[in-house]
Amino acid sequence: AFHWDKDYAAEESNINIHPHIGTVTYLSDVGGPTVMINKTSPNFYDENCLGQFDKIYVSPPQIGKHISFDGRFLHSAPGNLAQPEWLTPTIIEKQKKRVTFLVNIWVNHIPGYAERFNEELIDEYKLSVGVKCKFNPNLFKCTQVHVNDAKQVELMTWSLKGEGRFSYNVSFYVPITVLKKDRNSVAAVLEQGFEGQVVLNENDDIEESGESDESGESEDEDDNDGDDD
């Protein structure tokens, strides 16, 4: 499911506080891409999250690649966007699981549930196989596209983790032909008529003032950055 990284302890005070920068370092070549959306959350936890957005960023996993993005952005790693064209026989043979290393950078704030890692355990958390991180931006290409042709895109929908009293869906046009072409990252501008949307789950009614069901979040095949890696 799509989600915002934030200080979840602050939700108890009805406030959304996000990291300054989110980062992902890929330690394998398999699995769904990281998808980042220029949709930010409301300031208060109990406000609705409805609205449009006009930019998406798609980063396919490539071993050693490191990305950073605005920590306020909605994001996920949808497994159903993994393209068979990205895989070679060697990758299929040697890599079985999507593995990433995630670090959020906070400025002038410490999340309420955060704890300093036990330094005595650091040596136990090492990769069994060496991975060289490639921080040279020229090694990984990014394709710029404008989404304005229905023949080149596919409208897709995912769930958004429950925010406040409501549950939502995230829908946008995916430049699927570009994703299938190669493993480059994609920065897509969703032009007029092709904007993405965060909409209320059909089981909720935002006009009602009574309690709503937060269990309407549908399960999908997402491999979510921030949850399972």
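A residue is called buried when its relative accessible area is under 20%, and by that measure buried residues make up 43% of the 229 residues in the protein chain of this predicted model.

**Figure 1. Overview of the predicted protein chain and its elements.** The protein chain has two helices and 12 strands, and the order from the N terminus on is β-β-β-β-β-β-α-β-β-β-β-α-β-β. Among the contacts with a separation of 6 or more, 82% join residues that are 24 or more positions apart. The accessible surface of the protein chain comes to about 13,200 Å², and carbon and sulfur atoms account for 48% of that surface.

**Figure 2. Surroundings of Gln83 in the loop between β6 and α1.** Gln83 lies between strand β6, residues 74-76, and helix α1, residues 89-94. Gln83 counts as buried because its relative accessible area is 5%, which is under the 20% cut-off. The side chain of Gln83 reaches the backbone oxygen of Leu81 at 2.9 Å. When residues up to four places away in sequence are not counted, Gln83 touches Ile176, Leu179 and Lys180.

**Figure 3. The salt bridge between Lys6 and Glu11.** The search of the whole structure finds three salt bridges, and one of them joins Lys6 to Glu11, with the closest N and O atoms 3.1 Å apart. Both residues of this pair, Lys6 and Glu11, are buried.

**Figure 4. The salt bridges of Lys55 with Asp54 and of Arg72 with Asp70.** Between Lys55 and Asp54, the closest N and O atoms are 3.9 Å apart. Lys55 counts as partly exposed because its relative accessible area is 31%, and Asp54 is likewise partly exposed, with a relative accessible area of 32%. In the other pair shown here, the side chains of Arg72 and Asp70 meet at 2.7 Å, taken from N to O. Arg72 has a relative accessibility of 44% and therefore counts as partly exposed, while Asp70, with a relative accessible area of 23%, is also partly exposed.

**Figure 5. A nonpolar surface patch that includes Phe101.** Phe101, Val103, Ile105 and Val107 make a nonpolar patch of about 330 Å² on the surface. Of these residues, Phe101 lies in strand β7, which spans residues 100-105.

**Figure 6. Two asparagines with positive phi values, Asn14 and Asn108.** Asn14, a residue other than glycine, has a positive phi near 65°, and its place is in the segment before strand β1, residues 21-26. Asn14 counts as partly exposed because its relative accessibility is 25%. Asn108, which is also a residue other than glycine, has a positive phi near 60°, and it is placed in the loop between β7 and strand β8, residues 142-147. With a relative accessible area of 80%, Asn108 is exposed, because the word applies to residues over 50%.

**Figure 7. The cysteines Cys49 and Cys142, in a structure with zero disulfides.** A disulfide would need a pair of cysteine sulfur atoms within 2.5 Å, and by this rule the count comes to zero. Cys49 is buried, with a relative accessible area of 1%, whereas Cys142 is partly exposed, with a relative accessible area of 43%.

Note on methods:
Residues are numbered from 1 along each chain as its sequence is written. This is a predicted model: local features need pLDDT of at least 70, side-chain atom pairs count only at pLDDT 80 or more; totals for chains, interfaces and linings use all residues. Side-chain values use heavy atoms; hydrogens and water are left out. Helices (H or I, at least four residues) and strands (E, at least two) are DSSP runs, numbered from the N terminus. Buried means under 20% relative accessible area, exposed over 50%, partly exposed in between (1.4 Å probe, protein chains only). Contact means heavy atoms within 4.5 Å. Accessible areas come from the Shrake-Rupley method with a 1.4 Å probe; for residues, only the protein chains shown count as cover. A polar contact is a pair of N or O atoms within 3.5 Å; within protein, one must be able to donate a hydrogen and the other to accept it, and residues adjacent in sequence count only if both atoms are side-chain atoms. Patches are made of residues with over 30% relative accessible area and no salt bridge: like charges are joined within 9 Å, nonpolar side chains (Val, Leu, Ile, Met, Phe, Trp, Tyr) within 5 Å. A salt bridge is a side-chain nitrogen of Lys or Arg within 4 Å of a carboxyl oxygen of Asp or Glu.
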